Amino acid sequence: MSTVNMLEAKTKLSKLVEAVESGAESEIIIARNGKPAAKLVPLDAAPKQKRRLGLARGKYPPLDFEAFQALDAEVEALFYGGATKEK
């Protein structure tokens with residue numbers, strides 16, 4: 001990890017990006033007035049999280065097609081107002 005000041009980063013930006021892309025530097029800190037202001041890291045440095053499918057499995061009761069269709073009147077009443085029709 002190296003630190004460069006803002007002026008140096010402006011003049012050598014392409015070389016700094018190349019150093020990070022190639023792996024010569026893992027990250028570069030850009031400082032303003034001696035205080036860290038930004039971090040230059042490669043895009044692949046962010047950990048990729050795997051998607052977990054089926055997180056809601058077992059949390060909701062099964063709903064068959066007829067039961068799903070029966071909810072149409074209730075949803076319509078919620079959108080347009082009025083009493084719900086129960087069957």
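1. A quick definition before we start: helices and strands here are runs assigned by DSSP, a helix having at least four residues and a strand at least two, and they are numbered from the N terminus. With that in hand, you can place asparagine 33: look for it in the loop between E2 and E3. Keep in mind throughout that this is a predicted model.

2. Now the overall layout. The protein has four helices and three strands, and going along the sequence they come in the pattern β-α-α-β-β-α-α. Of its 87 residues, 14% count as buried. The exposed surface comes to about 8300 Å², with carbon and sulfur atoms supplying 56% of it. If you take the contacts with a separation of 6 or more, 37% of them are between residues 24 or more positions apart.

3. Let's turn to the strands. E1 (2-5) pairs with E2 in the parallel sense, over four bridges. E2 and E3, on the other hand, run antiparallel and are joined by five bridges. Try following isoleucine 28: its bridge partner in E3 is leucine 40, and isoleucine 28 is also the partner in E2 of serine 2. One step along, isoleucine 29 stands opposite lysine 39 in E3. As for cover, four of the five residues of E2 are buried.

4. Back to the turn. E2 and E3 make a hairpin with two residues between them. What is the phi of asparagine 33, which is not a glycine? The value is positive, about 55°. That deserves a second look, because most residues other than glycine have a negative phi. Asparagine 33 is also exposed, with a relative accessible area of 77%.

5. Helix H2 (residues 13-22) is a nice one to rotate on your screen. Which of its residues are buried? They are Leu16, Ala19 and Val20. Looking down the axis of H2, you find these buried residues within an arc of 95°, so they line one face of the helix. On the other side, Ser14, Lys15, Glu18, Glu21 and Ser22 are exposed. The buried residues pack against E1, helix H1 (6-11), E2 (28-32) and E3 (35-40). After H2 comes glycine 23, with a positive phi near 95°.

6. Don't skip alanine 19, which lies in H2. Is this residue buried or exposed? The cut-off for buried is under 20% relative accessible area, so alanine 19, at 19%, counts as buried. Leaving out residues up to four places away in sequence, alanine 19 touches Ala24 and Glu25. Proline 42 is 23 residues away along the chain, and the C-alpha atoms of the two are separated by 9.5 Å.

7. Finally, the inside. Which residues form the largest nonpolar core? There are seven: Val4, Ala9, Leu16, Val20, Ile28, Ile30 and Leu40. H2 and E2 are the elements that give two or more residues to this core. As background, nonpolar side chains tend to be buried together in soluble globular proteins. Valine 4 is a good place to zoom in: not counting residues up to four places away in sequence, valine 4 touches Ala9, Leu16, Ile28, Ile29, Ile30 and Ala31.

How values were computed:
Residues numbered from 1 in each chain as written. Predicted model: local features only at pLDDT ≥ 70, side-chain atom pairs only at ≥ 80, totals over all residues. Heavy atoms only, no water. Buried < 20%, exposed > 50% of the residue type's maximum accessible area, 1.4 Å probe, protein only. Arc of directions from axis to C-beta. Contact = heavy atoms within 4.5 Å. Core = buried A, V, L, I, M, F, W, Y, C linked by side-chain atoms within 4.5 Å. Areas by Shrake-Rupley, 256 points an atom, 1.4 Å probe, with all protein chains shown as cover. Pairing = 2+ DSSP bridges.
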